[in-house]
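Trainee: I am new to this structure. Please take one part and walk me through it closely.

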Amino acid sequence: MTNPDDDRWDIDEVDLPALDEDWPSRPALGLGPAQAAALAHAIEEGVAERGCDGTLRAARNWALRAGTNWTELQKRLCERGGYCDCEVLLNALEPD
Ligand SMILES: [Zn+2]
């Protein structure tokens, strides 16, 4: 006898990307080398001073000072794995 509830397990058929596929190339940061270095420096100082509070506070402060479009930069940082100041240093600012 077939149980009609079995149908809900069809979720297995959802197309997941194969694990051995190359990672998609990361979006460009949209900053020149000098700006990226200045951002890294600002974050290092902010984190050294107050520690990382799990936000992008130091990155945001820098972007506002530098006149950079913060909304756009924040999106790129997150896409590159930088969800807080220390992760930006660890992930987002790493060269590709
Ligand atoms: Zn952090």
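**A close look at the helix packing**

Mentor: At 44% relative accessibility, Glu79 counts as partly exposed, because that value falls between the 20% and 50% limits. Keep in mind that this is a predicted model. Glu79 sits in helix H3. In sequence, Glu79 and Ala28 are 51 residues apart. In space, their C-alpha atoms are 9.5 Å apart.

Now stay with helix H3, and look at its partner. Helix H2 covers residues 57-66, and helix H3 covers residues 70-79. The two pack at an angle of about 145°. Their axes are 10 Å apart. The crossing of H2 and H3 is right-handed. Which residues make this contact? From H2 come Ala59, Arg60, Trp62, Ala63 and Leu64. From H3 come Trp70, Leu73 and Leu77. Sorted by class, the contact has 7 nonpolar residues, 1 charged residue and no polar ones.

Pick out Leu73 from that list. Set aside its neighbours within four places in sequence. Leu73 is then in contact with Leu29, Leu31, Leu39, Trp62, Ala63 and Thr68. Of these, Trp62 and Ala63 belong to the H2 side of the contact just described.

Next comes the core. The largest nonpolar core has 18 residues. Leu39, Leu73 and Leu77 have the most contacts inside it. Four helices give two or more residues each to this core: H1 (33-50), H2, H3 and H4 (85-92). H1 supplies the largest share, 5 residues. In soluble globular proteins, nonpolar side chains tend to be buried together.

That leads to H1. Helices H1 and H2 pack at an angle of about 135°, and their axes are 8 Å apart. H1 and H2 are therefore oblique to each other. The crossing of H1 with H2 is right-handed. On the H1 side, the contact is made by Gln35, Ala38, Leu39, Ala42, Ile43, Gly46 and Arg50. On the H2 side, the residues are Arg57, Ala58, Ala59, Asn61, Trp62 and Arg65. By class, this contact of H1 with H2 has 7 nonpolar, 3 polar and 3 charged residues.

Finally, tie the pieces together. Leu39 takes part in the H1 contact with H2, and Leu39 is also in contact with Leu73. Trp62 takes part in the contact of H2 with H3 and in the contact of H1 with H2. Ala59 likewise appears in the contact with H3 and in the contact with H1.

Technical notes
Residues numbered from 1 in each chain as written. Predicted model: local features only at pLDDT ≥ 70, side-chain atom pairs only at ≥ 80, totals over all residues. Heavy atoms only, no water. Axes fitted to C-alpha atoms, helices over the stretch in contact; angles between N-to-C directions. Left-handed = near helix turned anticlockwise from the far one by under 90°. Contact = heavy atoms within 4.5 Å. Nonpolar A, V, L, I, M, F, W, Y, C, P; charged D, E, K, R; others polar. Core = buried A, V, L, I, M, F, W, Y, C linked by side-chain atoms within 4.5 Å. Buried < 20%, exposed > 50% of the residue type's maximum accessible area, 1.4 Å probe, protein only. Parallel < 35°, antiparallel > 145°, perpendicular 65-115°, else oblique.
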